[in-house]
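The exercises below concern a single protein model. Each consists of a task and a solution that proceeds step by step.

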Amino acid sequence: MMSRIMYNIRDIKGGDIVDNGYMQEMRNRILSSEDGAVFVAPDFADIADTATIRQGLQRLFRAGVIRRIIRGVYEKPKYSQLLDEYVAADPDAVAKALARSYHWTIAPCGNTALNLLGLSTQVTAVWSYISDGPYKTYEWNSTKLEFKHRTNKEITGLSYMTSLVIQALKTLGKSNVTLEVIQTLSKKLTDTDKQACLKEATESTDWVYDTIRQICKGEKVQ
């Protein structure tokens with residue numbers, strides 16, 4: 001028993017084990033991923049065409065290998081021994097999967113950005129993201145995702161972490177950026193993240209970039 005899921009992949013009509021071709025490759029990729037991983041059809045684009053992959057995902061769902069979060073988005077379920085139940089899907093992972101599927105560039109914004117960076121413990125009712133795609137909302141169980149369209153210059157060319165930090169600072173506002181906030185972000189970011197922020201955030205407003213320089217301790221860009 002692996003995470004209490006039967007990983008037998010059976011033919012839906014005949015009940016025979018399907019253990020060859022593209023189905024085997026998809027199964028192997030899913031089983032080798034971490035519990036809680038989220039998948040969309042483009043994640044398997046190197047295996048088969050889109051229509052075939054979508055059919056394969058549906059068959060794996062019906063076989064109990066993955067569970068469907070929303071249409072076109074699937075998860076390898078994560079089981080909690082402590083809670084004795086499956087853990088809810090990670091909304092951030094679902095948001096990133098949707099972005100991969102539609103080729104959007106996204107970044108968490110508002111309270112979502114603060115939560116992901118450890119700057120707030122307030123439970124957010126809506127997971128919010130800025131996106132260079134259209135305005136969209138998605139809901140499942142008690143979770144809601146919201147994508148807000150922004151101009152390309154706000155997110156294009158920025159790494160995920162740089163966008164995340166900028167959006168968090170903008171949400172806080174200049175007057176609420178304390179030494180504690182700067183120290184928290186400095187610990188949160190890796191050296192690579194800091195180098196990227198210093199390079200990529202130069203077009204942000206002056207106070208945001210000055211704050212980023214403090215977070216990165218004025219490190220020189222290599």
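**Exercise 1. Classify the exposure of Tyr-102 and Trp-104, and describe the pair that their rings form.**

Step 1. Buried means under 20% relative accessible area, exposed means over 50%, and partly exposed lies in between (1.4 Å probe, protein chains only). Tyr-102 has a relative accessibility of 45%, so Tyr-102 counts as partly exposed. Trp-104 counts as buried because its relative accessibility is 13%.

Step 2. The model is predicted: local features need pLDDT of at least 70, side-chain atom pairs count only at pLDDT 80 or more, and totals for chains, interfaces and linings use all residues. Residues are numbered from 1 along each chain as its sequence is written, and side-chain values use heavy atoms, with hydrogens and water left out.

Step 3. Rings of Phe, Tyr and Trp (its six-membered ring) pair if their centres lie within 6.5 Å; planes under 30 degrees apart count as stacked, over 60 as edge-to-face and the rest as tilted. The count by this rule is seven aromatic pairs. The pair of Tyr-102 and Trp-104 is stacked, with 5.0 Å centre to centre and 20° between the planes.

Step 4. Another pair, Phe-39 with Phe-44, is tilted, at 5.7 Å centre to centre and 35° between the planes. Phe-39 and Phe-44 are both buried.

Step 5. Tyr-102 and Trp-104 also belong to one aromatic cluster together with Tyr-129, Tyr-138 and Phe-147.

**Exercise 2. Determine which helices supply the largest nonpolar core, and trace the contacts of Ile-212.**

Step 1. A nonpolar core is a set of buried Ala, Val, Leu, Ile, Met, Phe, Trp, Tyr and Cys residues joined through side-chain atoms within 4.5 Å. The largest such core has 24 residues, and those with the most contacts inside it are Leu-117, Val-165, Leu-169, Ile-212 and Ile-215.

Step 2. Helices (H or I, at least four residues) and strands (E, at least two) are DSSP runs, numbered from the N terminus. At least two residues of this core come from each of helix 4 (110-116), helix 5 (160-172), helix 6 (179-188), helix 7 (191-200) and helix 8 (206-215). Helix 5 gives the most, with seven residues.

Step 3. Contact means heavy atoms within 4.5 Å. With neighbours within four places in sequence left aside, Ile-212 touches Val-165, Ile-166, Leu-169, Cys-197, Leu-198 and Ala-201.

Step 4. Another core lies apart from this one; it has 19 residues, among them Ile-70, Ala-97, Ala-99 and Phe-147.

Step 5. The buried residues of helix 7 are Asp-193, Lys-194, Gln-195, Ala-196, Cys-197 and Leu-198. Their cover includes helix 5, helix 6 and helix 8.

**Exercise 3. Establish how many disulfides there are, and give the nearest cysteine sulfur to Cys-216.**

Step 1. A disulfide is a pair of cysteine sulfur atoms within 2.5 Å. By this rule the count is zero.

Step 2. For Cys-216, the nearest cysteine sulfur is that of Cys-197, 5.3 Å away, and Cys-216 is in no disulfide. Cys-216 is buried, with a relative accessible area of 0%.

**Exercise 4. Describe the surroundings of Ser-131 and the link between Asp-35 and Lys-76.**

Step 1. Ser-131 lies in strand 7 (residues 127-131). The relative accessible area of Ser-131 is 0%, so this residue is buried.

Step 2. Beyond its neighbours within four places in sequence, Ser-131 is in contact with Trp-104, Thr-105, Ile-106, Phe-147, Lys-148, His-149, Arg-150 and Ile-155. A polar atom of the Ser-131 side chain lies 2.8 Å from the backbone nitrogen of Gly-133.

Step 3. Asp-35 is placed in the loop between helix 1 (21-31) and strand 1 (38-39). Asp-35 counts as partly exposed because its relative accessibility is 31%.

Step 4. A polar contact is a pair of N or O atoms within 3.5 Å; within protein, one must be able to donate a hydrogen and the other to accept it, and residues adjacent in sequence count only if both atoms are side-chain atoms. The side chains of Asp-35 and Lys-76 make a polar contact (3.4 Å). These two residues are 41 residues apart along the chain, and their C-alpha atoms are separated by 5.6 Å.
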